[in-house]
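Visitor: I am new to this structure and would like to know the reasons behind the terms used for it.
Guide: Have a look first, then ask.

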Amino acid sequence: MSSFDPNCKALLDSPISRDSRESDFLVFYQGKWGILEVDGDEFHPPSRTVDDHKRDRFFKASGIRIGAYFDAVQCFNQPDSIVQEFLKILYSVLVLNSHPSTLNV
C-alpha cells in the first residue's frame with residue numbers, strides 16, 4: 001500500500017509538542033513515512049529556509065526521518081523518475097534497516 005498526499009498537513013506528536021506541519025508530499029510506502037519536497041525559489045525561497053529547517057526537525061522528532069529535496073524543474077519535467085528515486089530511498093530504509101540521520105537525503 002502506498003499514498004502520495006500533496007500539500008498535506010499532518011498532525012504530529014513529538015517530545016517537543018503536538019502541532020501540525022505541511023509538506024509538499026507526505027508519502028506512505030510499505031510501512032514507512034517520508035517527505036518529498038520540491039525545491040526551488042518559487043516553492044522554498046531563501047527567506048523561508050529557517051522555517052523549512054524548523055519544520056524538518058519537527059518531522060524528524062515526530063518519527064518521520066526520511067525526506068528528500070528535489071529540484072523543481074526536474075520534478076516538473078521528470079515526475080516519474082523523481083517518484084521512483086524517492087521510493088528507492090524509502091525502500092532501502094525499509095529493507096536495509098538503515099536510518100538516515102537527517103531529513104536531507
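Visitor: Leaving aside neighbours within four places in sequence, which residues is Ser23 in contact with?
Guide: This is a predicted model. In it, Ser23 is in contact with Asn7, Cys8, Ile35, Glu37 and Phe59, once neighbours within four places in sequence are left aside. Ser23 belongs to the loop between β3 and β4.

Visitor: Why is Ser23 called buried?
Guide: The term buried is used under 20% relative accessible area. Ser23 has 2%, so Ser23 is buried.

Visitor: What makes the approach of Ser23 to the backbone nitrogen of Leu26 a polar contact?
Guide: The limit for such a pair of N or O atoms is 3.5 Å. The side chain of Ser23 reaches the backbone nitrogen of Leu26 at 3.5 Å, so the pair counts as within that limit.

Visitor: How do you know that Asp52 and Arg48 form a salt bridge?
Guide: A side-chain nitrogen of Arg has to be within 4 Å of a carboxyl oxygen of Asp. For Arg48 and Asp52 the N to O distance is 3.2 Å, so the pair qualifies. Side chains of opposite charge can pair when their charged atoms come close.

Visitor: Are these two residues buried or partly exposed?
Guide: Asp52 has 6% relative accessibility and therefore counts as buried. Arg48, at 34%, counts as partly exposed, because that term covers values between 20% and 50%.

Visitor: What makes Arg55 and Asp52 a salt bridge?
Guide: Their closest N and O atoms are 3.8 Å apart, and the limit is 4 Å, so the pair counts. Both residues are in helix α1, and because they are three residues apart, about one helical turn separates them.

Visitor: Which other residue meets the side chain of Arg55 in a salt bridge?
Guide: Asp56 does, at 3.0 Å from N to O. Arg55 counts as buried because its relative accessibility is 7%, and Asp56 is buried as well. Salt bridges link Glu37, Arg48, Asp52, Arg55 and Asp56 in a network. The whole structure has four salt bridges.

Visitor: What makes a group of residues a nonpolar core?
Guide: The members are buried residues of certain kinds, such as Val, Leu and Phe, joined through side-chain atoms within 4.5 Å. The largest core here has 15 residues, and Val27, Leu36, Phe70, Phe86 and Leu90 have the most contacts inside it. At least two residues of this core come from each of β4, β5, β6, α2 and α3. Helix α3 gives the largest share, six residues. There is also a second, separate core of six residues, including Cys8, Ile35, Phe59 and Ile64. In soluble globular proteins, nonpolar side chains tend to be buried together.

Visitor: Why is Leu96 called exposed?
Guide: The term needs over 50% relative accessible area. Leu96 has 63%, so Leu96 counts as exposed. Leu96 is in helix α3 and, with Tyr91 and Val95, makes a nonpolar surface patch of about 310 Å².

Visitor: Why is Asp71 called partly exposed?
Guide: Its relative accessibility is 41%, which is between 20% and 50%, so the term applies. Asp71 is in strand β6. The side chain of Asp71 reaches the backbone nitrogen of Gln74 at 3.1 Å and has a polar atom 3.2 Å from the backbone nitrogen of Val73.

Terms used
Residues are numbered from 1 along each chain as its sequence is written. This is a predicted model: local features need pLDDT of at least 70, side-chain atom pairs count only at pLDDT 80 or more; totals for chains, interfaces and linings use all residues. Side-chain values use heavy atoms; hydrogens and water are left out. Patches are made of residues with over 30% relative accessible area and no salt bridge: like charges are joined within 9 Å, nonpolar side chains (Val, Leu, Ile, Met, Phe, Trp, Tyr) within 5 Å. Accessible areas come from the Shrake-Rupley method with a 1.4 Å probe; for residues, only the protein chains shown count as cover. Helices (H or I, at least four residues) and strands (E, at least two) are DSSP runs, numbered from the N terminus. Buried means under 20% relative accessible area, exposed over 50%, partly exposed in between (1.4 Å probe, protein chains only). A polar contact is a pair of N or O atoms within 3.5 Å; within protein, one must be able to donate a hydrogen and the other to accept it, and residues adjacent in sequence count only if both atoms are side-chain atoms. Contact means heavy atoms within 4.5 Å.
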